[in-house]
Amino acid sequence: MVTKPGGSDSDPSSSRRFDNKEISHYKVPTVTTDPIVLSDLLAELALRQLPCGGWAALASSSQPAIEPTCYSALALSSAPVGEIARAQDFLLRTQNPNGSWPVFPGDDQEGGWITSLAVMALRDPASAIPARFKGFDWLLNFAGRESNWFWKWKFRTTDRHVRFDPDKYGWPWFPDTVSWVVPTAFAILALNQIPCSCGDLEQVAARIGCGIEMLFDRACPGGGWNAGNGVVYGAAVAPHADDTAIALLALIDRREHPLVQSAAQYLEHAAPALTAPWSLAWAILALAAHRRPIASLHSSLVALPDLATIEDTSALAVVCLALDQQRALEALRVAP
Amino acid sequence: MSLTRRDFLVASAALAAGATVTAPFLLPKYHSDRRPKRSRVAILDAQQYSERLDQVIAAGLRLFPIDVRGKTVVLKPNLVDYIPGNAINTHPLLVMAAAESFRRLGAKSVVVAEGPGHQRDTQLVLSQSGYEHNLRDEKIRFLDLNRDELIRTPLRANYTGMTNLWLPRTVLEADFLVSMPKIKTHHWSGVTLSMKNMFGVVPGTRYGWPKNILHWKGIQESILDLCATVPIHFVIADGIVAMEGNGPLNGTARPLRKIVLADDPVAADATCARLMGFEPDRVVHLREGSRFLGNASPALIDQVGESVNAPATPFQAVPEFRHLYDL
């Protein structure tokens with residue numbers, strides 16, 4: 001019988017749900033929190049895998065999507081080989097001809113920020129190396145619109161309501177828009193995984209550097225980040241825990257920078273009050289990477305009600321990563 | 001004067017070239033004129049958010065000849081982000097009251113659906129803004145439109161130049177879509193009311209947070225394309241505590257103590273604009289929307305409930321939108 005701490009072990013529905021899964025396959029050797037909770041959630045995550053090998057954004061959906069598939073593949077990397085291989089095959093099948101990834105199969109083929117997630121989720125198999133390099137190459141040529149001289153000029157002269165320096169650009173969510181914090185942070189995390197600096201990839205360090213400067217430029221005045229608007233019409237806009245956490249992961253090499261320190265302090269202060277699994281899980285990962293205490297946050301996360309029935313599959317997968325944070329941070333190459 | 005064959009060909013070519021250049025500016029940018037002959041708007045007094053709102057909404061709905069029996073009703077509140085003390089979101093008690101009223105009217109199902117445009121963690125916004133426990137207590141399903149199944153949908157107007165958008169299945173398949181905005185000023189669009197509220201149906205997973213492509217294509221233009229493509233069947237606007245100034249997030253709370261119900265989004269928003277002390281014709285998407293989406297003219301609106309009284313002091317707006325109330 002699989003039970004949760006504090007929960008009832010007499011709930012017949014929860015036990016039936018996993019009766020036909022080989023729970024013992026979900027080894028969690030590096031977990032520092034309750035392994036039973038994690039194996040329970042990993043089993044639920046595995047149950048949500050679609051026949052095509054991908055995962056849908058919502059538990060009630062059957063439309064596979066790249067983002068939940070990437071998080072799930074990262075979370076289930078200790079799962080039986082067949083399942084993770086099916087996920088990787090799904091990602092390889094869905095790559096766009098230009099090297100990017102779409103949001104979901106059947107999407108327009110222009111690609112988007114999820115390319116960063118896909119190249120990280122495909123970090124292990126040798127067969128994925130060509131696809132990863134195509135993805136890296138696409139990412140290097142993918143930039144916020146403010147990287148173009150005309151839009152730089154516009155943002156400097158006529159469109160000044162959002163405070164930012166257009167010389168410092170990162171990555172947008174999708175083509176033809178400006179840079180935002182989360183896609184920039186994920187692109188930095190992804191490009192930091194390039195194994196060598198060769199061929200067309202020589203510009204990697206410069207792009208990462210520019211992206212980091214963009215993150216610093218978009219920080220909220222009181223510390224942390226939101227989507228990317230620190231000050232609008234002269235008013236400071238509040239930070240978000242999840243955006244801050246993802247930016248902190250990308251800035252792991254700048255641990256001592258004052259803006260990173262103040263963001264980590266904001267997150268430490270905000271995290272205990274978080275009541276949603278997505279934000280709390282990202283906070284745990286970021287604070288662990290920045291060597292901040294997380295034990296009480298772990299307890300809060302496992303105490304959240306109905307974790308296994310979270311409708312948002314990406315959130316479920318990120319919770320699994322947070323509960324196995326050492327392996328997750330190694331997968332993201334940000335382990336302290 | 002005689003016209004040679006050469007003159008005729010030159011003139012014809014010039015005429016054709018002129019028509020090619022000017023036609024896009026002269027032809028309507030919408031596919032069909034959906035304006036009803038007359039629209040109905042009800043302004044209801046509501047002093048505060050309370051459990052009694054379900055009686056207010058139920059009484060208000062009786063002023064309209066609507067039939068939702070056996071229909072799938074989707075309530076689309078304005079749920080953007082949570083900042084303590086800021087009147088950003090449609091109040092959950094108003095949404096619960098609407099859900100209860102539509103259930104009593106025989107709706108097959110009532111779903112609350114939204115795709116927040118600023119905060120990526122929808123569950124956190126639901127929790128912090130008081131929706132989560134209300135939805136659970138009332139057993140109302142919430143659907144995150146940022147993560148719903150998507151269907152490529154041809155746009156039924158051409159203000160942005162986009163030909164299609166990926167839109168959520170739940171909204172496209174709704175029998176009865178109710179836009180439930182918070183009455184607010186907006187620093188990019190002047191006002192955010194039932195029509196601007198439709199930005200929330202554009203999925204973040206496909207277009208990002210914020211849904212930046214809509215800003216690049218033009219906010220007013222995007223509102224028109226969206227409202228032409230996803231018809232709003234009814235409006236319940238939360239003006240009990242509205243917002244003025246630097247909306248939609250950092251404005252100042254402005255108690256208006258009104259709820260606006262309407263069977264036409266343009267009529268609803270024009271009425272809300274008047275209640276804010278604004279001239280609806282100066283709001284670009286209202287002026288253009290009144291050509292094909294609904295009625296903005298008071299002569300075409302049957303006003304029930306309270307009358308439209310402009311406030312003694314108009315809502316404050318950022319400098320770019322002071323023309324909404326300046327003479």
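Let's start with a pair of strands in chain B: strand 8 and strand 9, the latter covering residues 190–192, run antiparallel and are joined by three bridges. The link between strand 8 and strand 9 of chain B is a hairpin, with three residues making the connection. If you want one spot to look at, find His186(B), which stands opposite Gly190(B) of strand 9. Please keep in mind that what you have in front of you is a predicted model.

Strand 8 of chain B has another partner as well. With strand 10, residues 234–244 of chain B, strand 8 pairs in the parallel sense, over two bridges. Here you can pick out Lys184(B), whose bridge partner in strand 10 is Met243(B).

Now, is strand 8 of chain B enclosed or open? Five of the five residues in this strand, 182–186, are buried, so the rest of the structure largely encloses it. The side chains split into two sets: Lys182(B), Lys184(B) and His186(B) point one way, while Ile183(B) and Thr185(B) point the other way. Both sets are buried, and that includes the two lysines I just named.

Let's stay in chain B for a few loops. Between helix 7 and helix 8 of chain B there is a loop that holds Pro210(B). The peptide bond joining Trp209(B) to Pro210(B) is cis, with omega at about -5 degrees. Another cis peptide bond runs from Gly247(B) to Pro248(B), and there omega is near 15 degrees. You will find Pro248(B) in the loop between strand 10 and strand 11, where strand 11 is 252–262 of chain B.

One more loop residue in this chain is Leu300(B), placed between helix 11 (284–289) and strand 12 (301–305). How exposed is Leu300(B)? It has 18 other C-beta atoms within 10 Å, so Leu300(B) counts as partly exposed. Setting aside neighbours within four places in sequence, the contacts of Leu300(B) are Arg38(B), Ser39(B) and Asn295(B). For a sense of scale, take Arg103(B): from Leu300(B) it is 197 residues away in sequence and 30 Å away in space, C-alpha to C-alpha.

Next, where the chains touch. On the chain B side, 27 residues are in contact with 29 residues of chain A. The elements of chain B that give two or more residues to this side are helix 4 (122–128), helix 7 (204–207) and helix 8 (212–216). By class, that side of chain B has ten nonpolar, ten polar and seven charged residues.

That brings us over to chain A. This chain has 15 helices and four strands. Its length is 336 residues, and 53% of them count as buried. Among contacts in chain A with a separation of 6 or more, 62% are between residues 24 or more positions apart.

The helix I would like to show you here is helix 8 of chain A. How many of its residues are buried? Eleven of its eleven are, which leaves helix 8 of chain A mostly covered. Those buried residues pack against helix 5 (114–121), helix 6 (129–140), helix 9 (204–217) and helix 10 of chain A.

Let's look at one of those neighbours, helix 10. Helix 8 (residues 181–191) and helix 10 (residues 241–250) of chain A have axes that come within 8 Å and cross at roughly 25 degrees. The two helices are therefore roughly parallel to each other. Their crossing is left-handed. On the helix 8 side of this meeting are Val181(A), Val182(A), Ala185(A), Phe186(A), Ile188(A) and Leu189(A), and they meet Asp243(A), Ile246(A), Ala247(A), Leu249(A) and Ala250(A) of helix 10. Sorted by class, this contact has ten nonpolar residues, no polar ones and one charged.

Before I stop, here are two loop residues in chain A. In the loop between helix 7 (149–157) and helix 8 of chain A sits Asp176(A). Although Asp176(A) is not a glycine, its phi is positive, at about 70 degrees. With 12 C-beta neighbours inside 10 Å, Asp176(A) counts as exposed.

The other is Arg291(A), in the loop between helix 12 (277–289) and helix 13 (295–303) of chain A. Arg291(A) is not a glycine, yet its phi is positive too, at about 60 degrees. Buried or exposed, then, for Arg291(A)? It is exposed, with 10 other C-beta atoms within 10 Å. Thanks for listening!

Methods
Residues are numbered from 1 along each chain as its sequence is written. Chains are lettered from A and ligands numbered from 1 in the order in which they are written. This is a predicted model: local features need pLDDT of at least 70, side-chain atom pairs count only at pLDDT 80 or more; totals for chains, interfaces and linings use all residues. A residue is buried if 20 or more other C-beta atoms lie within 10 Å of its own, exposed if 12 or fewer, and partly exposed in between; C-beta atoms are placed from the backbone. Two residues are in contact if their C-beta atoms, placed from the backbone, lie within 7 Å. Ala, Val, Leu, Ile, Met, Phe, Trp, Tyr, Cys and Pro count as nonpolar, Asp, Glu, Lys and Arg as charged, and the others, Gly among them, as polar. Axes are lines fitted to C-alpha atoms, for helices over the stretch in contact, and angles run from 0 to 180 degrees between N-to-C directions. Angles under 35 degrees count as roughly parallel, over 145 as roughly antiparallel, 65 to 115 as roughly perpendicular and the rest as oblique. A crossing is left-handed if the near helix is turned anticlockwise from the far one by less than a right angle, and right-handed if clockwise. Two strands pair if DSSP finds at least two bridges between them.
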